[in-house]
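Student: I would like a close look at a single part of this model, with enough of the whole chain to place it. Please take the chain first and then go down to the part.

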Amino acid sequence: MDWFRMPARQVLEQLGSSAQGISRQEANERLKQYGKNTIRERKPKAWWQVFFGQFNDLLVWILIAAAVVSAMTDNRESSIVIGAVLLLNAVLGTIEHQKAEKSLESLRRLSAPWAAVIREGKKKRIPAEEVVPGDILVLETGDLAAADGRLLETVQMQVNESSLTGESVEVEKNIAAIKGSQVPLAAQMNMVFAGTLITGGRGLCAVTATGMDTEIGKIAALMNETEEKRTPLEISLDRFSGKLAAGILAVCVVVFWLDTYRGAPLLEAVMFSVALAVAAIPEALGSIVTIVQAMGTRKMAGENGIIKDLKAVESLGCVSVICTDKTGTLTQNRMEAEEIYYDFCPEACRDLAETKEAESRKLLWRAAALVNNASGENGEPTELALLRGAEEAGEGEARNRYLRKGEQPFDSSRKRMSVCCLDTETGSEIVFAKGAFESILPRCNRIFSSGQIREIRESDKSRIKMQNQHWGAEGMRVLAFAFRPESDLEEMALPGFGPKTWEQNLVFIGMAALSDPLRPETKGAVLAAREAGIRSVMITGDHPVTAASIARKAGILGPGGIVVSGPELDEMGEKELGAKLEQISVYARVSPQHKLRIVEAWQKKGRITAMTGDGVNDAPALKKADIGIAMGRSGTEVSKDAADMILADDNFATIIKAVSNGRNVYRNIKNAIGFLLSGNMAGIFCVLYASFTMLPMPFLPVHLLFINLVTDSLPALAIGMEPAEEGLLKQPPRNGKEGILNVNFLKDLLIQGLLIAVCTMAAFRMGLESGTGPGLGFGGNLARNPQAVATTMAFTTLTLARLFHGFNCRSAHSILWLGFGSNPYSVMAFETGVLLLAAVLFVPGLQILFAASDLRLFEIGGVLICALLPTVLIQAQKILREGRS
């Protein structure tokens, strides 16, 4: 119901209430009917449900089966290691889910704990949750409104609705009915809304909505309805793991059938299948992806981008649309006097040092300082901007010379204010006035020009009006200034002269145009976003003209761009919005439902969408967007809770840095996955080759687990720390629907895995042929047999080859192009992996655990050659490709 359209009396009739309020009995009945005045939240999953949900994956089931088989065949070490890895991944997944869970606790904190109401003609203080429709709320300065209500009485009442509407300026309230059916919240001057703050005056209102029916309750409902979003990487990894698991099962079944068909013992056939499963599954993949994302998060925190949900780091890399707020994100969130107008020409038109109009300029800034109630950093934003301008112009000291004797305060009907000051140097009085152009100019019959007062002409008025219209079209707020000079002293001394009469026969001084200026880096950031293939869209609660002006200055609104207001958006059907979506650059006067609809429209087009916001009204859209970005300085706790990322500096440019970092994180994750899978592919080829050729098993499960979890993890993490390459932001965003396993990726996996496998099996064959006689005996394990030597050589070759392969997977470029110094972690990972391998080969206890045989010098040399050869060939191919390009 449009309560704002009804007169106060009709509102009370509709609510079944009166100025005396409702009775206690009626209040109890309504409490049963409407429920408590509280925000309700849907119940989240329990932690144990999330924990056990981490095991609901086919790859995990295969590993669990492998662990069970290993335990039943006396390979307890393998089963313990597999179990530990699965437990670690489940714990990490549970922790990340709980951290990312977004509650409505901060939204509930906006609710007032107590409320003052009139019931049965008496003022009472009751718990806010007991407020019901029809109650008469008593509102005073400093109160939080406990419910939505239609105002019945106001006394200079001002309300801060910024958290709900996005408007930063206090709203002066009144009780007059408003015409029109589609009036945005920000324009409903006769209403108050739950959670908004009374900053001045007092008032009475009839409660029209409570709990989930309030505007803030509707926001909570939208947040409850918004499903948990999944990132492109999560979707891609799920598809990948499903395909990988199906492939592994198929190959394991084939290998098991072949082994039993050729007459191999059942236990040997089972162990071959287990070894194949362990070789194929990248056990550490989940942990590595999480750690790489965490490293990206840490880097972004140093650049003022605080990531709440690790998964959001990678999602930033494929953002193709950024829906950004205006105030504080694109702009500086502080009003500035950008231009002044006097003697019929904007200040920007001339060099004031060479003109005779300096006195006019001084007088304008003097008026700005005196007809002003701001002090220091305290005051209304517009007055603070004027005071700063006056101080910069050298007129800040005017307050010491001119002492205020009287004031005619500003109000919304007069649209002006004036003060009478005593000039302590001359002892005379002077009146200064400030207000809207249409309020000041009609009261002026003279003008101050070139240091003199003269009659104002129609031509003067025309030029002044044109300048006002020009600034208005630019979305600036225009204030005019005038004064009553000392020459009017005789008239001012007459009886009856005072605040009600001193605003007559004014002398027009000039005008000031104020706006919230762009941040210095905004324009460059919008351009960088465009070059990166990212569309920037402004969504604001401001007036369309103001929004369009800022959007043009920022580079968001260009030729052919469209500005759409909230009411216009309401009239659009889904089909029409979808057709115009690519052309709409600015949305103005929007509601929370509008923001949610805009985000959903982009998502329906398959675009990964980021949404910025700082108010309570932004929370549903922040939660719905692929990346919700809240403001760290100006943002409400509600918006921060709903967001995936918080901008510590409220700066649009930081989003672009985060996108660059997100792209690099995804590239590094994909390279790390490529490294892990190509190495695993080598292990698969080796086991398959041994099975088809009826050779002994080249590895034990513990060997493959050591490679997958220890020596492979270090280079993979180092790849995750690879710095961004130049030109990363010049590339278009990747398609969020594109899977990891594309044709080129699979081709590289197969070729690289095959190269490593061929060299590994060459070393295995070498061991079978030379595996008799004593070895070097570093570990004291002098008993040698061909199979033990071959297995040790295959294990050592595969481990070393994969450590070398870590350098190949850092980038699509060669090591010569990258250089070792650009990522020292890759060198450290290689050195650590070699030391761990040496410990397994030569430390007695570990040698026995891994069933490692002593090797001769020529066998060690053969292992080194076989391990290095794949990297030499891969690097040669990269160098040739770079030479051609």
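Tutor: In this predicted model, buried residues account for 55% of the 885 residues in the chain. The exposed area of the chain is about 37700 Å², with 57% of it supplied by carbon and sulfur atoms. The chain holds 34 helices and 24 strands. Its radius of gyration is 37 Å, whereas the globule rule gives 29 Å for 885 residues, so the chain is more spread out than a compact globule. The C-alpha trace spans about 125 × 75 × 50 Å along its principal axes. Of the contacts between residues at least 6 apart in sequence, 73% join residues at least 24 apart.

The part to look at closely is helix α23, which runs over residues 592–604. This helix has 13 residues, and at 1.5 Å a residue they should span 18 Å; the end C-alpha atoms are 18 Å apart, so the expected and modelled spans agree. Many of its side chains are covered: Pro592, His594, Lys595, Leu596, Arg597, Ile598, Val599, Ala601 and Trp602 are buried in α23. That list includes Lys595 and Arg597 as well as Leu596 and Ile598. Just after the helix, Gly606 takes a positive phi of about 80 degrees.

Helix α4, residues 58–72, offers a second view, since Ile64 is found there. Because its relative accessibility is 33%, Ile64 counts as partly exposed. Together with Trp61, Val68 and Met72, Ile64 makes a nonpolar surface patch of about 420 Å².

Conventions:
Residues numbered from 1 in each chain as written. Predicted model: local features only at pLDDT ≥ 70, side-chain atom pairs only at ≥ 80, totals over all residues. Heavy atoms only, no water. Patch = residues over 30% accessible without salt bridge, like charges linked within 9 Å, V, L, I, M, F, W, Y side chains within 5 Å. Areas by Shrake-Rupley, 256 points an atom, 1.4 Å probe, with all protein chains shown as cover. Salt bridge = Lys/Arg side-chain N within 4 Å of Asp/Glu carboxyl O. Helix = DSSP H or I, 4+ residues; strand = E, 2+ residues; numbered from the N terminus. Buried < 20%, exposed > 50% of the residue type's maximum accessible area, 1.4 Å probe, protein only. Expected span 1.5 Å × (residues − 1). Rg over C-alpha atoms; globule rule 2.2 N^0.38 Å. Contact = heavy atoms within 4.5 Å.
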